[in-house]
Amino acid sequence: SPSPNRCGFGSAVLFIQVSSSDSARLGLGEGGAAGMAAILRLAKTSPFAFGFFYSGIKTGSCDLMVQKVIEKREEVDWRRTLTFAAFGFFYLGGVQYGLYVPLFSRMFPNAGAFATKPISEKIRDLPGIRNLFAQVFLDQCVHHPLLYFPVFYVLKDAVTNDKPDPVRAVRQFAGNFNEDMVALWKVWVPSTFINFAFMPMYLRIPWVATTSLLWTCILSTMRGGSDKVPTNEIIGPHPDAHSFELMMRPASYTALDPLRSHVLVTVHGPDRAGIVAGVSRSVYDAGGNLTTGKMIKLGGEFAVMMHVDCEPEQLAALRENLHAKKYTALEGCDVQTRQVVALNEGAPLPAYSAHVRLTGPDQPGLLMRLTEVFAKHGLNVETLQTEQHMMPRSGSKPRLFSVSGIVSSQLEPDADAIDASIRQLRESLSVTCVLERDEQKSVRRTSSNI
């Protein structure tokens, strides 16, 4: 076997020839050793294809793990998984390969030779050390802020919004720039130094993908088993578990058509089969249309809240039909209807509108503390949904509580003051809390329209 002091760190780890006795000690067996040797030969002979497929499969697999383990979805969102797999194939395995291997090989011709040198020679190679720092700088301070993160945010926007807006996505990155870059450097500056200092050119992309996979697993463990919920970080150069968690629930609200009549319907009573069918049939028989609703079972009770619209001449019949409780399942239920007046078309749009998402260990006063922040800064709640997660099987893990919704204001709030309050809330309650401005629903007030 090659002596470890005559080869680079990556070579010493990955290319040492494994004898039969070594295989037994390592638990690989002859088949395992042969399989590893075949993988390494493939990486060396076809570096682009190996990195391309490895990155794509890894990224898609990470998303599947996040959906099933972190988000605990019953059904997989295959559109999202395929989107991120495509990102892994074409950007991580393609664009980054072109950057790290052909481009950096031309810019730093001796980079490959430097990686194979033993450490004793590396520390005396001052030009090689300068080139190492230059590669890390270009990757972490040029490539990621100018290319990787904008592409990632545009992808995130495309996955989570029915009407993707690349400009909005890039603006969101600009607002998160400092936090994202600090989070990136904590993990990826050390990893990139190891990559460029010790890995052969053809293993640079597999090293990046492997580091990303390990980091996602670590973050998943933290997310499921720690009293501390991860802070608002998006960590590259691959989408991580918390990035997916932040985009998990897009909030929305219903715009009321001023040409139609609108009714807020609430129903609650002893739980039994047919309540929702009875309410729906009552609405349908009167010519009404259900737009938004929430139905939930709490113990032995069942509750319904929904918005229904109809033609103005059908309003009286609709309300009468609901209060009549014609269907057996509605007997004993309390049914209430309240007419809702739509705003005029000329009503001013809010100067500020934002999506709020909070997740953290369930604790008394959590929603109170969050909504007190909104009230302090004059933010009005438009929609808000809360959810208490299932109790983890392990008693050492806390039960989680989530909030998602939309807040708005007719006046432009103090963004710095809001950010300070949100940071204080995150730190004091050990939660993740994100307030993201919705540029499409916000009208920035200028001197010309005040």
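Select strand 1 and strand 4 (residues 334-340): the two pair in the antiparallel sense over seven bridges. This is a predicted model. To see one position of that pairing, pick His268 and then Asp334, its bridge partner in strand 4.

Keep strand 1 (residues 261-270) selected and add strand 3 (residues 301-310). Strand 1 and strand 3 are also antiparallel, with ten bridges between them. Here, show His262 and look across to strand 3, where Asp309 stands opposite.

Strands of a sheet pair through backbone hydrogen bonds, either parallel or antiparallel. Turn on the backbone atoms to follow this in the next stop as well.

Now clear the selection and move along the chain to strands 6, 7, 5 and 8, which form an open sheet in that order. The pairing in this four-stranded sheet is antiparallel. Its edges are strand 6 (380-388) and strand 8 (432-437), each of which pairs on one side only. From one strand to the next, the twist averages 10°.

Start at one edge of this sheet. Strand 6 pairs with strand 7 (residues 400-409) over eight bridges, in the antiparallel sense. Select Glu387 and find Ser402 of strand 7 opposite.

Then go to the other edge, strand 8. Which strands does helix 16 lie across? Select residues 415-429 to show the helix, together with strand 5 (352-361) and strand 8: helix 16 lies across these two strands. Relative to strand 8, helix 16 runs at about 160°.

Conventions. Residues are numbered from 1 along each chain as its sequence is written. This is a predicted model: local features need pLDDT of at least 70, side-chain atom pairs count only at pLDDT 80 or more; totals for chains, interfaces and linings use all residues. Side-chain values use heavy atoms; hydrogens and water are left out. Two strands pair if DSSP finds at least two bridges between them. Axes are lines fitted to C-alpha atoms, for helices over the stretch in contact, and angles run from 0 to 180 degrees between N-to-C directions. Contact means heavy atoms within 4.5 Å.
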